[in-house]
Amino acid sequence: MNIIFIAPPAAGKGTYSSLLKTKYNFTHISAGDVLREVVNTGTPLGEEVNKIMKRGEMINDEIICKLIESKLTQIDLSKPFMLDGFPRKINQALELEKILNNLKINVDKVIFINITKETGLKRILGRITCPVCKRIYNLENPELTPKNIGVCDDCSTELTGRKDDTKEAYETRYDIYMNETLPLIEYYKGHDKLVEIDGSGTVEEVFENIENILGVKND
Ligand code: AMP
């Protein structure tokens, strides 16, 4: 069962991907994390990617498609995987089809996690993440608050805010989502793969919904 998560910014793609990884051993491929790894290299490409991400804009298709293709060729394809944040537009979805065809694999379901723009903004402003293990926390949500403020529960690293979690970058990211990412919903409906869920509930409720959709629940 390979899946794609599509959602507006801060709908919880990263949170639910981490839960699927921990509980059901899915391989998590996050486009944002892959790009943040490029930023951390400190190369001229990393600096360029950093500037674009800070503004909340999209990285050019050729770069992100190559990075995702490279990840997909490195993982164990006998295990299920989830793509979080890729594809984010029709051109990327078409490119993904080619990559998957070459690797002789399929995506089985596309899960669209829907939240309102206002909910997303509130979450963005409360979000902090662990730069080392990538765990996501949210000071706006008691379910996602770290035990010791400012420190990762899992690896004790100091938590940081994302550079693109500003009100200004959120506006840009949301506009891009409306204009470029939403058309993917119709695209995947046409492929009979789309399932829409309400992302405004608690983490537990939304995750249970995802488990039911995937038919993976094992307790
Ligand atoms: P995320 O971690 O998914 O919220 O993504 C953070 C940022 O990475 C986005 O705002 C974009 O700047 C960039 N990014 C992530 N995924 C893509 C993609 N599929 N195509 C282009 N840029 C992306």
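Mentor: Let's start with a term: a polar contact is a pair of N or O atoms within 3.5 Å. This model is predicted, so local features need pLDDT of at least 70 and side-chain atom pairs pLDDT 80 or more, while totals for chains, interfaces and linings use all residues. Residues are numbered from 1 along each chain as its sequence is written, and side-chain values use heavy atoms, with hydrogens and water left out.

Trainee: What makes the pair between R36 and the ligand a polar contact?

Mentor: An N or O atom in the R36 side chain lies 3.0 Å from an oxygen atom of the ligand. That value is within 3.5 Å, so the pair counts.

Trainee: Which backbone atoms pair with a nitrogen atom of the ligand?

Mentor: A polar backbone atom of I59 is 3.1 Å away from a ligand nitrogen, and a backbone N or O atom of G85 is 2.9 Å from one. The protein covers 96% of the 480 Å² of accessible area that the ligand has on its own (Shrake-Rupley method, 1.4 Å probe).

Trainee: Which residues come nearest to the ligand?

Mentor: E57, G85, R88, Q92 and R162 do, out of 17 around the ligand; a residue is near if one of its heavy atoms lies within 4 Å. Helix α2, residues 31-40, gives the most to this shell, with four residues. It is a helix by DSSP (an H or I run of at least four residues; a strand is an E run of at least two).

Trainee: How do you know that α2 is mostly covered?

Mentor: Seven of its ten residues are buried, meaning under 20% relative accessible area; exposed is over 50% and partly exposed lies in between (1.4 Å probe, protein chains only). The buried ones are A31, G32, D33, V34, L35, V38 and V39. Their cover includes β2 (27-30), α3 (44-55), α4 (61-74) and β3, where contact means heavy atoms within 4.5 Å.

Trainee: Why is K134 called partly exposed, and S156 exposed?

Mentor: K134 has a relative accessible area of 32%, between the two cut-offs, so partly exposed fits. S156 is at 56%, over the upper cut-off, so exposed is the right word. K134 sits in the loop between β5 (127-129) and β6 (136-138), with a positive phi of about 75°. S156 lies in the loop between β6 and α7 (167-181), with phi near 65°.

Trainee: What makes the bond from F86 to P87 cis?

Mentor: Its omega is near 0°. P87 belongs to the loop between β3 (81-84) and α5 (90-103).

Definitions and conventions
A polar contact is a pair of N or O atoms within 3.5 Å; within protein, one must be able to donate a hydrogen and the other to accept it, and residues adjacent in sequence count only if both atoms are side-chain atoms.
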